Amino acid sequence: MEKLLFITDTFESLDAKKDTSILMMEEAIQRSYLVYQCQLEDLSIINNSVAANTNTISYNNDQLKKNEKKESFPLNDFKFSFIRKDPPVDEFYINALHLLGLAQSQGAKIYNDPLSIQSFNEKIFASYFSEFTPETLISASIDEINNFYNFRNKKPIIVKPLDGMGGKSIFKIESFDSKDIKILNHLTKDEKTQIVVQEFMSEVYEGDFRILVIHGKPFQKTLARIPQGNSFKGNLAAGGIGVARDITKKQFKIATEIGTYLMKHGINFAGIDIIGDKLTEINITSPTCAREILNQTQINPIHEYFKIL
């Protein structure tokens, strides 16, 4: 039987009810693959070959379980390896990507391409397609951020770090008072690191849409992540509610153009985020929302992904 490797956060931290990595493992087992899992720190170079110290994953009483016994294999032993570690793409992540890049040069098939994960920050990536993005500034300068705010007639803006996920550390700036400046100093680490600044789009209350791009093609169903209560954050991890919807013509157009570019860079599974008709992010590390789409529509994006791997 052929082997697949999933490089993720700890197996215990993956939520079986909603994690896309778990859904991928389930699909792989149904397709009679042997499934293995490891973390970034389990990668090594041994005798000039990149290897992974892994655990097998299998069903036990209808649930995926991890075998505690470790087994080491060269990455070339796996038919495919999937890097699905959540951000931030920090020093530890980058070190592992260097090893995975070497493994790829030695013939291992790794998705998404580790060199592309190194090259494309998920928050900056959208700027490669500026014709689709909202008004955006990326800067460490509070003066530049203030100028952006004033230029837009002091309309609300959104600020977020370059390495965040799940709605963490996203703030709405409405008055640029001392409290807001304190937030900006915190996010920029006293103006030493860049952050993303974007116009606030009220369309977010209708949904922050996740569109899965699978082998360069937009999936037919999307997930509208709708903020709840007084929140402006649609992210599921921040309390948003996900509602599956058919993809719109505009979303399809944006996702198709991006999908062509992604495939040229070895990215065959991505999640793009659209508010209104504006592209805000391109997620390539560990895109999610496949489980929610499956649960609500009975159409499985991961089945489509594996069908043409």
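# Close-up views of a predicted model

**View A. Helix H4 and its buried side.** Let us start with helix H4, which spans residues 142-151 and has Ile142, Ile145, Phe148 and Tyr149 as buried residues. These four share one side of H4, because they cover an arc of only 115° around the axis. As a reminder, an α-helix has 3.6 residues a turn, so residues three or four places apart point the same way. The structure shown here, and in every view that follows, is a predicted model. Turn to the face of H4 that looks away from the buried side, and you will find the exposed residues Asp143, Asn147 and Phe151. The cover over the buried residues of H4 includes strands E8 (136-139), E9 (157-161), E10 (171-173) and E11 (195-199), along with helix H5 (178-187).

**View B. The two ends of H4.** At the N-terminal end, Ser141 acts as the cap of H4, with a side-chain oxygen 3.3 Å from the backbone nitrogen of Asp143. Past the other end, H4 is followed by Asn153, which has a positive phi near 60°.

**View C. The largest nonpolar core, and a second one.** The largest nonpolar core counts 43 residues, and Leu43, Leu75, Leu262, Ile272, Leu279, Ile282 and Ile284 are those with the most contacts inside it. Which helix gives the most to this core? Helix H2 (residues 91-105) does, with six residues. A second core, separate from this one, has 28 residues, among them Phe6, Phe11, Phe269 and Ile302. In soluble globular proteins, nonpolar side chains tend to be buried together.

**View D. The surroundings of Ile272.** Beyond its neighbours within four places in sequence, Ile272 is in contact with Phe209, Arg210, Ile211, Val213, Ile254, Ala255, Ile258, Leu279, Glu281 and Ile282. Ile272, Leu279 and Ile282 are among the residues with the most contacts inside the largest core.

**View E. Phe120 and its partners.** Phe120 sits in the loop between H3 and E8. Is Phe120 buried or exposed? With a relative accessible area of 7%, Phe120 is buried. Setting aside neighbours within four places in sequence, Phe120 is in contact with Phe125, Tyr128, Tyr261, His265, Ile267 and Ile284. Along the chain, Phe120 and Ile284 are 164 residues apart, while their C-alpha atoms are separated by 8.5 Å.

**View F. The largest cavity and its lining.** How many cavities of 30 Å³ or more does the structure hold? There are two. The largest cavity has a volume of about 60 Å³. Its lining consists of Met24, Phe82, Ile83, Arg84, Tyr111, Asn112, Asn268, Phe269, Ile284, Thr285, Pro287 and Tyr305. Rolling a probe the size of a water molecule over the atoms shows where empty space is left.

**View G. Two cis peptide bonds.** Pro87 and Pro88 are joined by a cis peptide bond, with omega about 10°. Pro88 belongs to the loop between strand E6 (80-83) and H2. Another cis bond runs from Tyr111 to Asn112, with omega near -10°. Asn112 has its place in the loop between strand E7 (110-111) and helix H3 (114-119), and both Tyr111 and Asn112 help line the largest cavity.

**View H. Positive phi at Phe176 and Glu191.** Most residues other than glycine have a negative phi, and most peptide bonds are trans. Phe176, not a glycine, has a positive phi near 55°. Phe176 lies in the loop between E10 and H5 and is buried, with a relative accessible area of 11%. Glu191 is not a glycine, yet has a positive phi of about 65°. Glu191 is found in the loop between H5 and E11 and is partly exposed, at a relative accessible area of 40%.

**View I. Thr54 in strand E4.** Strand E4 (residues 49-60) is the place of Thr54. Thr54 is buried, its relative accessible area being 0%. Not counting residues up to four places away in sequence, Thr54 touches Leu5, Tyr36, Gln37, Cys38, Lys69, Lys70, Glu71, Phe73 and Phe78.

**View J. Thr256 in helix H6.** Thr256 is part of helix H6 (residues 249-264) and counts as partly exposed at 28% relative accessibility. A polar atom of the Thr256 side chain lies 2.7 Å from the backbone oxygen of Phe252. Leaving aside neighbours within four places in sequence, Thr256 is in contact with Gly216 and Pro218.

Definitions and conventions. Residues are numbered from 1 along each chain as its sequence is written. This is a predicted model: local features need pLDDT of at least 70, side-chain atom pairs count only at pLDDT 80 or more; totals for chains, interfaces and linings use all residues. Side-chain values use heavy atoms; hydrogens and water are left out. A nonpolar core is a set of buried Ala, Val, Leu, Ile, Met, Phe, Trp, Tyr and Cys residues joined through side-chain atoms within 4.5 Å. Buried means under 20% relative accessible area, exposed over 50%, partly exposed in between (1.4 Å probe, protein chains only). Helices (H or I, at least four residues) and strands (E, at least two) are DSSP runs, numbered from the N terminus. Contact means heavy atoms within 4.5 Å. The arc is that of the directions from the helix axis to the C-beta atoms. A polar contact is a pair of N or O atoms within 3.5 Å; within protein, one must be able to donate a hydrogen and the other to accept it, and residues adjacent in sequence count only if both atoms are side-chain atoms. On a 1 Å grid over the protein atoms alone, a cavity is a set of points where a 1.4 Å probe fits but cannot get out, and a pocket is an open set with protein on both sides within 12 Å along at least five of seven lines; lining residues have an atom within 4 Å of a point. Grid points are joined across faces, edges and corners, and a volume is the space filled by probe spheres set on the points.
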